[in-house]
Amino acid sequence: FAKIYTPIVIGLAILLALLPPIISGEYNFRLWVFRALSFLVVSCPCAFVISVPLSFFSGIGAASKAGVLIKGGNYLEALAKVDTVVFDKTGTLTKGVFNVQKVVVHNKNIDENEFIYYVASAESGSNHPISKSIQKYYNKEIDSSSINSIKEISGKGIEATINNKKVLVGNEKLVNLPKDISVTDVGTILYVEIDNVFSGYIVISDEIKEDAKRAIKELKNIGIKKNIMLTGDLDKVAKKVGEDLELDETYSNLLPQDKVSKFEEIIKNKKSKDSVIFVGDGINDAPVLARADVGIAMGAMGSDAAIEAADVVIMTDEPSKIVTAIKSSKKTMKIAMQNMALAFGIKVIALIL
């Protein structure tokens, strides 16, 4: 604003000091220099400098009162221009509270208790909600001395050595599935391989948050054109969540780097003036949160990395608070524009006088 406004006002002041006395032929420079200086005093943008930041402070304050922490006025402004909202699934649209629904053992050399023991031991080093659900199901103390090593493989699962046996727990990208195995269960499937032998699988399901459906509906009502979900889960799980929530697009089987690539693609296709939000909660979401025009993190369940990378933090983990944030930003921008119009209008009148 200053780059445009200041040169114009100074230029007009110089013209006001020089042209009228020359054109009139009176050469009364004292009067017109005085008027030019008065013009500069009146044109000083005090009303802009005071009213616009105060509008933003009020907007940020109102949002924080509703449990939405916005880290700056530039993010509040970007929220008012949102066209597309991209969601992570687990912990964002769903509760992130997993429960074991089914245990299927294929290895005849081990029983279910031993099978769960190996899986729970492999998952004992992780704080992921899926790992916690396995620990809860096993419901026994794990002997850490039997665990030789645990290594997390990003986007695939866990590789561990337990009692000198190699244990793989993860998705089909990590475990070699026999051709005769066909899993029709809907949910997160953990495949298990013990000593290079496919040993079975566990079906774990997550619940959709109560207000997630309402949030998607309200986002559409306030003019959001696209609601998209990016997840590392299987196609059938993503498809079911997408259908239940009436999302516009769902992308599944994504590794953390795939999420970034897909998000880059979404950003590339947006209109230049519109903003794209990403909403997530996990450590894997941090790169996408940082890349988004506005990154929103779930504050209660979200990882420290996600909260640090985000521009907005929702303290209650409710997706409907995204609607609150967008409404606050639009109202704030409306008030800021009204203040600018009033300030500018009064200045124009004063300058003409």
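This is a guided tour of selected helices and two buried residues in a predicted model.

Residues are numbered from 1 along each chain as its sequence is written, and side-chain values use heavy atoms, with hydrogens and water left out. Since the model is predicted, local features need pLDDT of at least 70 and side-chain atom pairs count only at pLDDT 80 or more, while totals for chains, interfaces and linings use all residues. Helices (H or I, at least four residues) and strands (E, at least two) are DSSP runs, numbered from the N terminus.

**Helix 2**

Select residues 29-43, which form helix 2. The end C-alpha atoms lie 20 Å apart, in agreement with the 21 Å that 15 residues should span at 1.5 Å a residue; the expected span is 1.5 Å times one less than the number of residues. Now colour W32, A36, F39 and S43, which are buried (under 20% relative accessible area; exposed is over 50% and partly exposed in between, with a 1.4 Å probe and protein chains only). Look down the axis of helix 2: the buried residues fall within an arc of 55°, so they line one face of the helix. The arc is that of the directions from the helix axis to the C-beta atoms. An α-helix has 3.6 residues a turn, so residues three or four places apart point the same way. R30, F34 and V41 are exposed on the face turned away from the buried side of helix 2. Add helix 1 (2-24) and helix 12 (321-352), which are among the elements covering the buried residues of helix 2; contact means heavy atoms within 4.5 Å.

**Helix 3 and helix 12**

Keep helix 12 and select helix 3 (residues 46-65); the two axes come within 9 Å and cross at roughly 165°. Axes are lines fitted to C-alpha atoms, for helices over the stretch in contact, and angles run from 0 to 180 degrees between N-to-C directions. Helix 3 and helix 12 are therefore roughly antiparallel to each other (an angle over 145 degrees). On the helix 3 side, the contact includes A47, F48, S51 and V52. Among the helix 12 residues making the contact are S328, T332, M333 and I335.

**Helix 7 and helix 8**

Go to helix 7 (212-221), where A212, A215, I216 and L219 are buried. Viewed down the axis of helix 7, these buried residues fall within an arc of 95°, so they line one face. K217 and N221 are exposed on the face turned away from it. The buried residues pack against strand 2 (82-88), strand 8, strand 9, helix 8 and helix 12. After helix 7 comes G223, with a positive phi near 105°.

Next select helix 8 (residues 235-245), in which V237, A238, V241, G242 and L245 are buried. The arc holding the buried residues of helix 8 is 130°, so they line one face of the helix. K239 and E243 are exposed on the other side of helix 8. The cover over its buried residues includes strand 7 (188-194) and strand 10 (249-251). E246 follows helix 8 and has a positive phi, near 60°.

**Two buried charged side chains: K262 and D311**Select K262 in helix 9 (residues 256-268). K262 is buried, with a relative accessible area of 16%. Not counting residues up to four places away in sequence, K262 touches L230 and Y251.

Finish at D311, in the loop between helix 11 (304-309) and strand 13 (312-314). D311 counts as buried at 10% relative accessibility. Show K71 as well: D311 and K71 are 240 residues apart in sequence and 5.5 Å apart in space, C-alpha to C-alpha. Leaving out residues up to four places away in sequence, D311 touches residues including L69, I70, K71 and Y75.

Note on methods. Parallel < 35°, antiparallel > 145°, perpendicular 65-115°, else oblique.
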